[in-house]
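Subject: Structure handover

Hello,

Here is the structure you are taking over. Please open it beside this message while you read.

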Amino acid sequence: MSRRSWMRPLIAMGLVAVAAVSTACGSSGPADPANGLKVWALEDPVLNKIEQKSIDSFKAGGGNASLETFGNDPYKQRLRVAIGSPQAPDLFFNWGGGNLKEYVDAGKVADLTAVLDENAAVRDKFIPSVLDGAKLDGKTYGVPMRGMQPVMLFYNKDVFAAAGAQPPTTWDDLLTLVDTFKAQGVTPIALAGSQAWTELMWAEYVLDRVAGPEVFKNIRDNGPAGWKDPAVVESMTKLKDLIDRGAFGSNFASVGYDAGGASTILAQGKAAMHLMGSWEYTNQLDQSPDFVKQNKLGWVAFPSVTGGKGDAGNLVGNVSNFYSATSDSKNLDGAKKFLTTTLTEDSYIQALVEAGDVPPVVGAEEMLKKSPNPDYATFIYELVLDSKNFQLSWDQDLPADDATFMLTQLQEFFLGKVSPQQFVDAVAAR
């Protein structure tokens with residue numbers, strides 16, 4: 001399972017508090033300081049061990065806490081039911097953005113701004129663009145607790161060498177490369193078009209490069225009418241030009257990602273480029289190890305758009321995962337202490353690095369140089385460190401129903417059934 005699929009919280013959160021919760025995923029009892037903090041996280045056989053170490057560290061310092069983990073969909077359902085009830089955890093794993101906003105709007109999440117201001121050394125340890133992933137209306141509601149996963153442009157070095165080409169740094173470069181690779185009978189860009197979230201990455205980056213992050217933030221914060229910003233039609237028109245130019249070939253709608261389709265096309269040299277999250281490296285290492293070990297896999301940041309307002313260093317993707325505290329927790333002081341003492345410890349950061357994650361903190365350069373894949377890890381780290389804005393994937397930053405509708409319209413757009421203006425009209429009418 002790719003990291004991406006762990007990160008997709010497309011659920012309709014009703015925030016219905018009930019008095020009882022199913023016990024299918026473990027036992028729970030009423031929040032009681034004497035029982036210690038209840039910390040909920042997503043199942044991950046590698047990272048759960050690290051999270052348990054943070055629990056052990058907290059206990060060694062005099063605190064008391066326990067970790068409960070859940071599968072992806074059961075977790076979302078259980079959290080939705082439990083939050084606001086006596087069975088709610090004190091600290092809970094989340095994805096930030098719209099996923100967290102619905103709980104914040106319901107008054108169920110503690111504002112952590114003051115405690116981070118009081119512990120400025122801890123706050124300043126986190127990369128600002130990542131910490132912003134859990135910031136809503138200027139207030140911070142979560143603290144990063146796992147690695148960062150930006151989206152970047154991967155490419156096949158052998159295919160580029162055969163064409164005498166260089167990776168693109170501008171949108172115009174990208175268009176030229178499309179023509180170059182088409183002339184050589186190579187699909188310019190692999191796209192797992194059977195899954196709309198892969199197409200979404202293109203829409204996110206093009207809008208950012210054309211207009212900067214403010215246009216989407218206005219959509220997220222003020223509603224679907226924000227889609228009517230002229231920059232959205234402009235960016236979708238650029239994207240349509242790329243599609244119509246044949247950048248993704250003619251069969252992309254039948255290509256998947258989870259089964260390794262798009263990644264395999266790149267590794268076998270049938271495609272030159274592939275826009276994907278940083279987990280693509282791990283997937284390639286697993287599915288096509290020789291391709292990676294023989295140094296044939298390349299990667300660059302998404303190209304700039306000449307004349308665009310968006311900073312060329314801006315990123316999209318999965319910013320990080322966060323721990324947030326429930327506002328009704330009887331252990332709120334303990335929860336705040338946990339957040340400000342365990343997640344920036346050197347041992348915790350080192351463990352993330354050793355597990356293959358790129359930690360969301362400043363000053364990790366030396367650790368990353370000793371990581372299993374130092375060049376790749378350092379590239380990601382510097383990419384995020386230098387970014388002025390790190391936009392959470394739209395389908396995670398919007399309310400679930402709106403995100404699902406947007407993805408459906410986007411697939412229609414990529415298939416040529418919906419024009420840029422029709423796409424805007426549809427999503428703005430939600």
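Below are notes on confidence, the core and two helices.

This is a predicted model, in which local features need pLDDT of at least 70 and side-chain atom pairs count only at pLDDT 80 or more, while totals for chains, interfaces and linings use all residues. Residues are numbered from 1 along each chain as its sequence is written, and side-chain values use heavy atoms, with hydrogens and water left out.

The pLDDT (the predictor's confidence in each residue, from 0 to 100) averages 91 over the protein chain, and 92% of the residues score at least 70. Over residues 1-31 the pLDDT is below 50.

The largest nonpolar core (buried Ala, Val, Leu, Ile, Met, Phe, Trp, Tyr and Cys residues joined through side-chain atoms within 4.5 Å) has 143 residues. Buried means under 20% relative accessible area, exposed over 50%, and partly exposed in between (1.4 Å probe, protein chains only). Among the residues with the most contacts inside this core are F181 and W202. Its largest share, eleven residues, comes from helix α10 (residues 196-211). Helices (H or I, at least four residues) and strands (E, at least two) are DSSP runs, numbered from the N terminus.

Helix α11 (residues 214-222) has V215, F216, I219 and R220 buried. They lie on the same side of α11 because they cover an arc of only 135° around the axis, taken from the directions from the helix axis to the C-beta atoms. The face turned away from that side carries the exposed E214 and N222. After α11 comes G223, with a positive phi near 105°.

In helix α3 (residues 72-82), the buried residues include Y75 and L79. G84 follows α3, and its phi is positive, near 90°.

Regards

Terms used:
Contact = heavy atoms within 4.5 Å.
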